[in-house]
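Visitor: I have a structure to look through. Can you take me around by question and answer?

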Amino acid sequence: MSLQMITVSNNMALIQPGFSLMNFDGQVFFFGQKGWPKRSCPTGVFHFDVKHNHLKLKPALFSKDSCYLPPLRYPATCIFRSSLESEKHQYIIHGGKTPNNELSDKIYVMSIAGKNSKKVTFRCTEKDLVGDVPEARYGHSIDVVYSRGKSIGVLFGGRSYIPSSQRTTEKWNSVADCLPHVFLVDFEFGCSTSYILPELQDGLSFHVSIARNDTVYILGGHSLANNTRPTNLYRIKVDLPLGSPAVNCTVLPGGISVSSAILTQTNNDEFVIVGGYQLENQKRMVCNIVSFEDNKIEIHEMQTPDWTPDIKHSKIWFGSNMGNGTVFLGIPGDNKQATSEAFYFYMLKCAEDNVNEDQKTLTNSQTSTEDPGDSTPFEDSEEFCFSAEACSFDGDDEFDTYNEDDEEDESETGYWITCCPTCDVDINTWVPFYSTELNKPAMIYCSHGDGHWVHAQCMDLAEDTLIHLSEGSNKYYCNEHVKIARALQTPKRVLPLKKPPLKSLHKKGSGKIFTPAKKSFLRRLFD
């Protein structure tokens with residue numbers, strides 16, 4: 001195992017806890033920025049270009065027939081092939097958190113629509129489900145199993161907000177374990193069926209899942225109800241006959257206690273578990289190798305990499321699987337120094353460079369990263385609001401300039417601001433209504449009384465009016481109080497008047513110098 005530090009040349013602020021990486025034919029793509037995608041990169045997906053330990057993020061393209069894909073943090077992702085023998089694959093994305101701190105229950109399918117030497121064009125489609133539709137969640141897993149020439153998705157675990165009837169202002173963002181049900185999802189017909197297995201008693205999230213043929217192995221995870229990281233190891237086997245599927249679960253010995261670990265595959269029968277937590281604020285520095293032989297699973301500790309002092313002393317870490325036995329890790333920077341970076345990044349190679357191409361297969365399991373609220377005192381809605389210096393993409397790219405300063409502090413831009421009591425907009429089904437809402441929810445501030453916020457949709461404003469009200473301001477205001485808003489705006493910078501140098505005080509044409517009294521008068525005049 002080798003550990004290398006990675007420098008990020010641009011847009012470092014995009015890489016926040018909860019992101020995902022997707023590997024298409026050796027090319028890695030980043031997904032899951034913290035804020036809504038900007039107009040200079042409306043897709044929110046970036047090419048993760050690492051060369052000589054140097055990382056560049058370049059915006060990716062989507063086909064015209066693609067649906068809108070919001071940036072989702074902590075989703076469940078997996079690789080989907082039409083059959084085990086197929087070389088082409090797609091990525092399944094389910095759930096996750098939006099920048100509004102809302103949870104998604106949608107399923108997206110990511111595939112490559114076109115490719116040339118410089119650019120990759122993606123196609124994103126949304127799958128509608130019927131039947132037992134899984135509730136919106138994050139920190140769960142989704143895998144694809146194959147049986148009798150057919151395939152099906154297996155969804156398990158995760159967290160969701162407490163029911164709306166129990167939500168109050170103080171506990172609006174409180175989450176709970178999802179019920180330990182196993183969902184089988186047919187991606188072709190959009191059917192979902194829920195199964196209750198007696199072996200699964202407690203809800204789990206941020207666990208490790210490994211798919212092998214017709215079986216999914218669930219390892220580790222964190223239970224909010226018990227605040228434990230059990231050592232349970234579950235084997236969920238799925239049979240797909242002509243009739244109804246058959247699902248059974250077996251509890252196996254030899255599990256480990258870990259949550260938020262990153263899983264990467266090194267060859268056909270071998271996986272490596274990296275990172276994670278073993279206690280609330282204690283990282284798990286041990287790496288494990290998971291091997292399969294004759295349908296038996298064995299988990300052993302392996303030699304750990306030479307962790308740097310920064311990694312050892314950091315309270316949290318996060319990352320994702322890059323594929324081909326490589327893991328991308330991030331740790332917070334040293335906030336004590338004014339010039340410190342928000343995060344430091346590393347690349348851990350768990351597989352040898354001379355591994356055969358046939359062995360460089362990709363994992364079908366979720367590479368989850370734990371919500372920092374589960375392992376640190378931070379709440380997710382307050383996590384890591386670091387400022388970053390403005391960077392841009394390479395000038396020779398055919399994209400508009402992206403400015404990281406546009407990524408404003410979400411806690412002050414309406415993401416978690418409650419609307420007035422008369423608002424008729426359902427925040428649980430909120431979708432962008434104005435184009436400006438792709439950056440942040442359009443909220444109008446009314447200073448009447450104690451002041452309150454109103455959704456722009458409630459004001460029934462035309463989009464051009466909304467844009468006019470919001471020009472030059474980081475907030476939106478109602479028509480009645482827009483003058484107050486303008487008074488609160490930062491004045492435009494005015495360049496100071498240039499003072500003439502002393503030599504300009506010479507009288508032109510005469511060659512004579514002004515007397516000291518005249519010089520003093522002129523200085524007072526110009527000052």
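Visitor: Is serine 205 buried or exposed?
Guide: This is a predicted model, and the value is computed from it. The cut-off for buried is under 20% relative accessible area. Serine 205 has 0% relative accessibility, so it counts as buried.

Visitor: Where in the chain is serine 205 found?
Guide: Look at strand 17 (191–195) and strand 18 (208–212). Serine 205 belongs to neither strand; it is in the loop between strand 17 and strand 18.

Visitor: With which side chain does the side chain of serine 205 make a polar contact?
Guide: Start with the residues serine 205 touches, leaving out those up to four places away in sequence: Gly139, Gly158, Arg159, Gly221 and His222. A polar contact at 2.8 Å links the serine 205 side chain to one of them. The partner is the side chain of arginine 159.

Visitor: Which strands stand at the edges of the sheet that holds strand 17?
Guide: This open sheet has 5 strands in the order 11-17-16-13-12, with mixed pairing. An edge strand here has a single partner strand, so one side is left without a neighbour in the sheet. The edges are strand 11 (130–131) and strand 12 (141–147).

Visitor: Which residue is the bridge partner of phenylalanine 183 in strand 17?
Guide: Strand 16 (residues 182–186) runs antiparallel to strand 17, and 5 bridges join the two. Phenylalanine 183 has its bridge partner in strand 17. That partner is serine 194.

Visitor: Which residue stands opposite leucine 3 in strand 30?
Guide: Another open sheet has 8 strands in the order 2-3-4-5-1-30-29-28, with mixed pairing. Its edge strands are strand 2 and strand 28 (318–323). Within the sheet, strand 1 and strand 30 (residues 343–349) run antiparallel, joined by 5 bridges. Opposite leucine 3 in strand 30 is leucine 348.

Visitor: How many Å separate the C-alpha atoms of glycine 18 and glutamine 33?
Guide: Glycine 18 is in the loop between strand 1 (2–8) and strand 2 (20–24). Glycine 18 is buried, with a relative accessible area of 1%. Along the chain, glycine 18 and glutamine 33 are 15 residues apart; their C-alpha atoms are separated by 8.4 Å.

Visitor: Is cysteine 423 buried or exposed?
Guide: The unreviewed UniProt entry annotates a "binding site" covering Cys419, Cys423, His455 and Cys458. Cysteine 423 lies in the loop between helix 2 (372–375) and strand 31 (443–446). Its relative accessibility is 18%, so cysteine 423 counts as buried.

Notes. Residues are numbered from 1 along each chain as its sequence is written. This is a predicted model: local features need pLDDT of at least 70, side-chain atom pairs count only at pLDDT 80 or more; totals for chains, interfaces and linings use all residues. Side-chain values use heavy atoms; hydrogens and water are left out. Helices (H or I, at least four residues) and strands (E, at least two) are DSSP runs, numbered from the N terminus. Buried means under 20% relative accessible area, exposed over 50%, partly exposed in between (1.4 Å probe, protein chains only). A polar contact is a pair of N or O atoms within 3.5 Å; within protein, one must be able to donate a hydrogen and the other to accept it, and residues adjacent in sequence count only if both atoms are side-chain atoms. Contact means heavy atoms within 4.5 Å. Two strands pair if DSSP finds at least two bridges between them. UniProt positions are given in the numbering used here, feature names are shortened, and annotations may be inferred rather than shown by experiment.
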